[in-house]
Amino acid sequence: FQITTLINHKDKPKKSEKTLRAIHRVGQAVNVAVGRFVTVGEAIAMENEELKEEMSLACFEARCAGDAIAQLTDALSPEQTEADGRTTVFSDKTGMVKAARMLLSSVTKVLVLADRIVIKQIITSRNKVLATLEQLERVISFQEFVQIFSQFGNEMVEFAHLTGDRQNDLKDEKKKARMAAARAVLEKCTMMLLTASKTCLRHPDCESARHNKDAVFQRMRYALEQVIEIVTDARPSGDTQVLPVNVYAGIKDFKCKVESLREALYSLPPETLARQLESVVEQTEDFTDSAYTSHENRESILQRCELTRQELVQLTTVWTQAQSFKAKEASEEMEVCILKTCQSINELRKELHKTAMGRAADLLKYHADHSVLKSLKVTGEEGNLEAGAEYTRKLTEQKEQFVEMCRLLRHVSGTEPLEITCIHAEETFQVIGPQIISAAKTLALHPSSKIAKENLEVFCEAWESQLNDMAVLLREINDVFEGRRGDKRTYLSLPRPGKHSANLKTVKAVKLDAEEQTTIAKLGLELRLLTSDVDSESEKWEDQEHEIVRQAQSMSSMAYSMYLFTRGEGLLKTTSDLFHQAEVFSEEGFQFCSSLQAFCSQLGDDEKAVVVSETEKLVALCQQLQITGRMVVQGKTSTFQKVDASIQNAKSIMTVVVYLLPICHKLMKKYKSERSSTESPQSWADKQMPTPMQDDPLDSKNGNGFGVKSLGQHVANLTFLESK
């Protein structure tokens, strides 16, 4: 933008002193930015000998271009520079264009080379993980296993960081979703690999233990290959991945073609639409043929399919007549037919969405108690193979239900990233179900084995975690369907020096154990669900600019960034970032409390009792979060405890916000209704709420949200190992 400004400045015969200063500032700003960028590139070049020459040359060209731009804009007045014989942007606009082109070209080269280095780092890291994985698979003693697994853990940490950064950098949403799925598999399988291998070492002759272990290793290798496919944008067979056909895409395409007839009567033959509709109807058979679809839903889907067929027949008749009369545009009758056809296909889509979401919600609710998993654990500890076989059958049936649920959700997912998430969920249920069964059989054969019991527990937790993920997925699919999907967060990225910078201190990452990772991940998921609840309640308010709504949405956005932190995603990269965000979050909470107090001043004593009580609770929670955020900690244990406390406090605050929003909305509507019948229509709208209090002694900082800090401060702060 700054370069464009310099090139496109107006060639006026006389320029004001203000204009000259502005051009000078822009030129210097560009040069400084280029200098910082090049410093990073040169540091990276020093650490990568094979690309050192190319990177150094690109950096040199960029620096020269930056210097040229600075010289061309270094002018106090055109007259003075002409007298000095200097060339400036005023006398040589072509020179500025050349310098700008050289700068853009060299910066692009640096970015491309840096990208190649990142890809190489990920491939090298994957190869190290793969080699250690093969060693782990062959170990025959506990001592050897412990030693190699420690090395494997460190290598996985490095791989997780590299792939997490890459995932955030990806612009293609499909690739980002695939990367997230592959990284989720690696995250969960790491713990499974530990317990499955230990169980196999303890019981080397147990076939079910060996089968359990082999399945984990196979899945990890597959996930590692998926990551490399995404990073290198290539598949072993050379074929690009094609997603299975889903009914939503078919309906969308069909509707677009129908609507295009308004502008192009002769763009396609009538048979094309008929074939496409039949293809859509054929895909709905996944719903109607399901044994779990209710009779009512099945009949409704079939009726809407038939109605759409009838509307298309009527449209085709009118359309064919228009073609025979050589009409140039659609008639009114044809317009009506187009509207009716689109309406009927929309109704079909709504019915399919309702069926899939209803079925999924019922399943998740029905199996929320995890009774089958609990029974498998009990029968395993008792060594009761016969009873275990019965619960194995039930779990297999449950797995099939979840697999079918994922297939139906894929049809109505609405976006390709969500469709990929549905496919990943289906694959997860397909794999983990049999693994739980083999782990349960191992425990039943060795009921006194503590490691076999621990192994079964880990696989059951993975199943439960996937069910929690499904609850989030349902909300996201519903958000897309209702058109209220949130804005995507951008990731601010240039080649990051980090370990490449010679003059910055590098900090070793804190490694969390499995229990700590699980705790943070669960807290993050609960926080994510609460942000969805806040967004849903906020949508119900007619006045979206109301202080209470705006502040609740702002708090939801901050809480969501804290959730992303628990997954190793988003803008919060270190614990310092998280604590800063938590402090800003608490400040926004105090502002929210002030707005609630102002709102209460308009309520009667009976009505405001609940709001006042909850507001007092909220103030206390915000105070606690601020105190936690300002605590100085050192070491891994205390840092983890502070992270845990911060997210716990944020979750408690969001719980109160979710509770208060519908209450305030109901009271707002009630007062509007009462006042509209007793006062002039504008009395409520015109009555301003008292200004929220600004002098809260605890609200000592003014922050609108998380700001990206300097690189040096990021690197100097303690890095937190994200769990996903």
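Leaving aside neighbours within four places in sequence, threonine 428 is in contact with Arg219 and Gln466 in this predicted model. Threonine 428 sits in helix α16, which spans residues 416–445. Its relative accessibility is 3%, so threonine 428 counts as buried, the limit being under 20%. The side chain of threonine 428 also finds a partner in the backbone, reaching the oxygen of histidine 424 at 2.8 Å.

Stepping back to the whole chain, the fold contains 24 helices and zero strands. The protein chain has 724 residues, and 49% of them count as buried. Its accessible surface comes to about 35800 Å², with 52% of that area belonging to carbon and sulfur atoms. Among contacts with a separation of 6 or more, 80% are accounted for by residues 24 or more positions apart.

The nonpolar interior comes next. The largest nonpolar core holds 98 residues, and the members touching the most others are Met220, Met405, Leu409, Phe429, Ile436, Trp463 and Met470. Helix α17 (residues 450–481) gives the most to this core, contributing 13 residues. A second, separate core has 47 residues, including Val534, Phe590, Val643 and Cys664. Returning to methionine 470, its contacts beyond four places in sequence are with Leu364, Met405, Cys406, Leu409, Ala425 and Phe429.

Helix α21 offers a convenient check on helix geometry. This helix covers residues 605–630, 26 residues in total, and reaches 37 Å from its first C-alpha to its last. That span is close to the 38 Å expected at 1.5 Å a residue. The buried residues of α21 are Val611, Glu614, Thr615, Leu618, Leu621, Cys622, Leu625, Gln626, Thr628 and Gly629.

Turning to charged pairs, the structure holds 31 salt bridges. In one of them, glutamate 158 pairs with lysine 128, and the closest N and O atoms are 3.2 Å apart. Glutamate 158 belongs to helix α6 (residues 142–169) and lysine 128 to helix α5 (residues 93–138), so this salt bridge ties together parts that are 30 residues apart in sequence. Both partners are partly exposed: glutamate 158 has a relative accessible area of 29%, and lysine 128 one of 35%.

Another salt bridge joins the side chains of lysine 188 and aspartate 469, with an N to O distance of 3.3 Å. Here the link is between distant parts of the chain, 281 residues apart, with lysine 188 in helix α7 (residues 173–202) and aspartate 469 in helix α17. The two partners fall on either side of the 20% limit for burial. Lysine 188 is buried, because its relative accessible area of 18% is under that limit, whereas aspartate 469, at 22%, counts as partly exposed.

A local pairing is found in helix α13 (residues 332–366), where lysine 350 and glutamate 347 lie three residues apart, about one turn of the helix. Their salt bridge has its closest N and O atoms 3.8 Å apart. Lysine 350 is partly exposed at 44% relative accessibility, and glutamate 347 is partly exposed with a relative accessible area of 29%. Elsewhere, Glu278, Glu306 and Arg309 are joined into one network by salt bridges that share partners.

Notes. Residues are numbered from 1 along each chain as its sequence is written. This is a predicted model: local features need pLDDT of at least 70, side-chain atom pairs count only at pLDDT 80 or more; totals for chains, interfaces and linings use all residues. Side-chain values use heavy atoms; hydrogens and water are left out. Helices (H or I, at least four residues) and strands (E, at least two) are DSSP runs, numbered from the N terminus. Buried means under 20% relative accessible area, exposed over 50%, partly exposed in between (1.4 Å probe, protein chains only). A polar contact is a pair of N or O atoms within 3.5 Å; within protein, one must be able to donate a hydrogen and the other to accept it, and residues adjacent in sequence count only if both atoms are side-chain atoms. Contact means heavy atoms within 4.5 Å. Accessible areas come from the Shrake-Rupley method with a 1.4 Å probe; for residues, only the protein chains shown count as cover. A nonpolar core is a set of buried Ala, Val, Leu, Ile, Met, Phe, Trp, Tyr and Cys residues joined through side-chain atoms within 4.5 Å. The expected span of a helix is 1.5 Å times one less than its number of residues. A salt bridge is a side-chain nitrogen of Lys or Arg within 4 Å of a carboxyl oxygen of Asp or Glu.
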